[in-house]
Structure formats: C-alpha cells, structure tokens
Amino acid sequence: MSLNVEIVAPDRKVWSGEAKQLSARTVEGEIGILPGHSPMLAVLGNGEVHIDPIDGKRSTITIDGGFISVDKDQVRLVAERVDATALTA
C-alpha cells in the first residue's frame, strides 16, 4: 500500500508521486500520514513537510501555511508559500 501525494503552491506543482508516509505541521501539532489513514482536512502551520517516497530518499520542503486533505490514500497538500530551495531529494 502507498499514498498518492500531490503538493502544490499557488504558482506550480511542487512534488507528486507515491509515498510510504508524509509528515507535516498543522496548527494543532505534528501529523503523520500512512496508507489507510482516516479521511481528514487540516490547516497547516509554517514548517517542514517530510515525504518518504516509495523509491528514493526522504524529501523535505518548507512551507508557510496552507491545508492538507486525505481521502482513500490520496493526499493533497496546498501550501500558501513554498521555499523553492527547501526541496531535497
């Protein structure tokens, strides 16, 4: 099982692909998403988003707010602003 993840900013798609897990900071605290996660919608705070892709090393981006939705292993993260230099593969 895996997650189908899409991370977008107002001006571009930042990252998309299959992942084993994703973690992010919401306004209520850190959250980890694994395959089979319950449906949810949350407001994101400022901080790092960590993506563990199926193939490859962990990727990290830094965002300034936004929201995340999870439904049936589909994760969509919409960031208000993304630090373009923060994406590491």
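**Notebook: a six-stranded chain, starting from D73**

I began with D73, which is buried with a relative accessible area of 18%, a value I count as buried because the cut-off is under 20%. The model I am reading is a predicted one, and I keep that in mind for each entry below.

**Entry on the loop at D73.** I located D73 in the loop between strand 5 and strand 6, and I noted that D73 has a positive phi of about 65 degrees although it is not a glycine. K72 sits in this loop between strand 5 and strand 6 as well, and K72 also has a positive phi, about 50 degrees, without being a glycine. Is K72 buried or exposed? I found K72 exposed, at a relative accessible area of 70%, whereas D73 is buried at 18%. The two strands on either side form a hairpin with two residues between them, and K72 is in the turn.

**Entry on strand pairing.** I then followed strand 5 and strand 6 away from the turn and found that they pair in the antiparallel sense over six bridges, with G66 standing opposite A79 in strand 6. Which way do strand 4 and strand 5 pair, and over how many bridges? Their pairing is antiparallel and runs over 11 bridges, and along it I found G47 opposite I63 in strand 5. The hairpin of strand 4 and strand 5 has five residues between the strands, and there G56 takes a positive phi near 115 degrees.

**Entry on the whole chain.** I counted the secondary structure and arrived at zero helices and six strands, so written because the elements run β-β-β-β-β-β from the N terminus on. For overall dimensions, I looked up the box filled by the C-alpha atoms, which is roughly 30 × 30 × 20 Å along the principal axes. The radius of gyration is 12 Å, which agrees with the value near 12 Å that a compact globule of 89 residues would have. Of the 89 residues, 43% are buried, and the chain exposes about 5,100 Å², with carbon and sulfur atoms supplying 50% of that area. Among contacts between residues at least 6 apart in sequence, I noted that 49% join residues at least 24 apart.

**Entry on the core.** Which residues have the most contacts inside the largest nonpolar core? That core has 24 residues, and I7, L22 and V49 are the ones with the most contacts inside it. Strand 1 (3-9), strand 2 (12-26), strand 3 (29-33), strand 4 (40-53), strand 5 (59-71) and strand 6 (74-79) each supply at least two residues of this core. I recorded the general background that nonpolar side chains tend to be buried together in soluble globular proteins. Turning to I7 and setting aside residues up to four places away in sequence, I found that I7 touches K13, V14, W15, L22, V49, I51, I61 and L77.

**Entry on T26.** I closed with T26, which lies in strand 2 and counts as buried at 10% relative accessibility. What does the side chain of T26 meet in the backbone of E28? A polar atom of the T26 side chain lies 3.1 Å from the backbone nitrogen of E28, and a polar atom of that side chain lies 2.7 Å from the backbone oxygen of G29. Leaving aside neighbours within four places in sequence, I found T26 in contact with I31, A42, V43, L44 and G45.

Note on methods:
Residues numbered from 1 in each chain as written. Predicted model: local features only at pLDDT ≥ 70, side-chain atom pairs only at ≥ 80, totals over all residues. Heavy atoms only, no water. Core = buried A, V, L, I, M, F, W, Y, C linked by side-chain atoms within 4.5 Å. Buried < 20%, exposed > 50% of the residue type's maximum accessible area, 1.4 Å probe, protein only. Helix = DSSP H or I, 4+ residues; strand = E, 2+ residues; numbered from the N terminus. Contact = heavy atoms within 4.5 Å. Pairing = 2+ DSSP bridges. Rg over C-alpha atoms; globule rule 2.2 N^0.38 Å. Areas by Shrake-Rupley, 256 points an atom, 1.4 Å probe, with all protein chains shown as cover. Polar contact = N/O pair within 3.5 Å; in protein donor to acceptor, adjacent residues only side chain to side chain.
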